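Open the model in your viewer and keep the selection tool handy. We'll go from stop to stop, with a note on what to pick at each one.

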Amino acid sequence: MAPTVPIFLRQNWSLCAALFLFWGLLAFTIFKAMSLTRGQLIYPLDDAYIHLAVAKNLAQNGSWSLNGTNFCSCSSSLLWTVLISAFYLFLGEHALLAPLGVNILLGSGFLIFAYYWLKDAYNNHITILVILVSAIFFTPLPMLAFLGMEHVLHLLIFVVFIALAADLIANNICTTYHQLLLLLMAPLVTTVRYEGLFVVFAVCVAFLWRGKVSLGILVGLLALTPLVIYGIISVRYGWSLLPNGVLLKGTHVSLASFTEFMDWAVMRMFSLYSFWKIPGVILMIVSLLVINMWVQRNETLWHERRSVFLTIYFIALLLHSSLAEYDSFYRYEAYLVAGGIIGVGANLCVLAANGMCKKPSCDSVLKCVFLILFLVIMGFPFFWRAGAGLMNAPTASKNIYEQQIQMAKFLRYYYPTKAVAVNDIGAISYFSNIKLIDLRGLASKEMAKAIISHEVDIETIQKVVDQKKGQIAVVYDKWYRKNGASILPHQWVKVAEWTISNNKVCAGDTVSFYSIGKNTEKMLHLDLKKYEKELPSGVAVKYY
């Protein structure tokens, strides 16, 4: 048995190198972050704790809720929340580490799948290693795993789903087993994130184009079914058809006319915002160049699974660039970056193996040279993405520790079971058992409707707080300003502020504490004074 290990390493050394690089970068990021958070593992985004809070309540109370028994449509990843809740059934509070452990396995699974898919196209270990390393850095995969959220699962399902669909469309495999596997994956694509609808649409269009109508319809129906079921349940409880996270963070499309919609979509698709965040324009142009190479090779576009993969990917990329949002922490579009690197890399490998480089024409050589120069010159956004994502993750973890974790601990110690108005709800919901009044709208139907309709004002906020008998508020002042004036109720009394430095991820440097209930101002001041000694040294405190 022992000799097989060296043989495997020799035969698959590029995969092993990529895996060790991924694990090493992730370990370095985690240890660097823990050195800034007094040895505690803190996820770099507050949103991770929203999923954890819902998962814990689902496991312990059978309720899709943040910190109670009432239904709350705040999680935008149904599959991830259910998956993590399974760990709470067996591990209890130790399941806090489950998201990181699961992401390590999923990230490794992504690299293993990509390796064998690339190896089947072009068995050159140096080339494969370059592509895998690009995927690790430019996604960036270690940072995504450290986030403790669904994005690594999303990119893995995305790539596998397209690869399987491409095989069926190109007639490489047509067995009942592979068709059932594709149908089984369809609901997973949409429940891991709602952006999965983009790739499902692309796959359905490809199946219909190739005359496989029944399979295309089945894929679409199975992908929509869990979302429709969830939407019906949500509406029955008085919530919207879509989770509040999708409604509030998604792009609001104008449908006044088809012409207006198309103008808006094209502007978004090729805006500088898209370019620097994804960067979408680069991926679009490179994908089109590679697809064009296939079209000129005797129209083999639909007969090679990797060219089909890239075509489906291109459609999904267009839809995301037109209809979805991008994130400052590079997570929402990470699945497109990973899929684009693997898709373009595999196609170039196949083209090279099929003779593009063996018997190059002047035209093909010029195209290759242009493509390489284009990638080098325009690759800056990718390098920026890699550097910023990997370097900022430890600092982001420190930010969450100094702000969200401290708020949660303070409320757990001094205001258990009290009604508290907040606007960052993740860690507070997970680590404390306050009666949550969400002023951001993720866990509040009333506030979500007001925010979407741009009707948030002093009266709206006061009405929501009064209905739930709020005692104190912990909010970002800058979120509640309109035309230069505060829209927080005038009767609220500011007691203190906590300010962090070198903020990379929190919505604001400063969080304010308000007394909003009767006779709570003096007590809040005393409680904050008592807790001050627990605060990390990097938090500046100011009293009013």
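**Stop 1: a nonpolar patch**

Start by selecting Phe8, which is partly exposed, with a relative accessible area of 38% (partly exposed lies between buried, under 20% relative accessible area, and exposed, over 50%, using a 1.4 Å probe and protein chains only). Before you click on: this is a predicted model, in which local features need pLDDT of at least 70 and side-chain atom pairs count only at pLDDT 80 or more, while totals for chains, interfaces and linings use all residues. Residues are numbered from 1 along each chain as its sequence is written, and side-chain values use heavy atoms, with hydrogens and water left out.

Phe8 sits in helix α1 (helices are DSSP runs of H or I, at least four residues, and strands are runs of E, at least two, numbered from the N terminus). Now add Leu9, Ile112 and Tyr116 to the selection: with Phe8 they make a nonpolar patch on the surface, and together they have about 340 Å² of accessible area. Patch members have over 30% relative accessible area and no salt bridge; nonpolar side chains (Val, Leu, Ile, Met, Phe, Trp, Tyr) are joined within 5 Å, like charges within 9 Å. The areas come from the Shrake-Rupley method with a 1.4 Å probe, and for residues only the protein chains shown count as cover. Colour α1 (4–11) and α5 (98–121) as well, since each supplies at least two residues of the patch.

**Stop 2: salt bridges**

Next, show the charged side chains. A search of the whole structure turns up 10 salt bridges (a side-chain nitrogen of Lys or Arg within 4 Å of a carboxyl oxygen of Asp or Glu).

Pick Arg193 and Glu150, whose side chains meet at 2.4 Å, N to O. This pair ties together distant parts of the chain, 43 residues apart: Arg193 is in the loop between α9 (176–192) and α10 (196–209), and Glu150 is in the loop between α7 (141–147) and α8 (151–169). Are they buried or exposed? Arg193 counts as buried at 7% relative accessibility, and Glu150 counts as buried at 0%.

Then jump to Arg305 and Asp167, a salt bridge at 3.2 Å, N to O. Here the partners are 138 residues apart, with Arg305 in helix α16 (residues 305–323) and Asp167 in helix α8. Arg305 and Asp167 are both buried. Extend the selection to Asp120, Glu304 and Arg306: salt bridges with shared partners join these with Asp167 and Arg305 into one network.

**Stop 3: the sheet**

Switch to cartoon view and find the open sheet of 6 strands, ordered β2-β1-β3-β7-β6-β8 with mixed pairing; two strands pair if DSSP finds at least two bridges between them. At the edges are β2 (435–438) and β8 (540–543), each pairing on one side only. From one strand to the next, the twist averages 20°.

Zoom in on β6 (residues 493–499) and β7 (residues 510–515), an antiparallel pair with 6 bridges. Thr499 has Thr510 in β7 as its bridge partner. While you're there, select Glu497 and Lys494: they form a salt bridge, with the closest N and O atoms 2.8 Å apart. Glu497 counts as buried, at 13% relative accessibility.

**Stop 4: the loop at Ser501**

Finish with Ser501, in the loop between β6 and β7. Ser501 is partly exposed at 41% relative accessible area. What does Ser501 contact, leaving aside neighbours within four places in sequence? Asn399 and Gly538, where contact means heavy atoms within 4.5 Å. Ser501 and Asn399 are 102 residues apart along the chain, yet their C-alpha atoms are separated by 8.1 Å.

Note on methods. Axes are lines fitted to C-alpha atoms, for helices over the stretch in contact, and angles run from 0 to 180 degrees between N-to-C directions.
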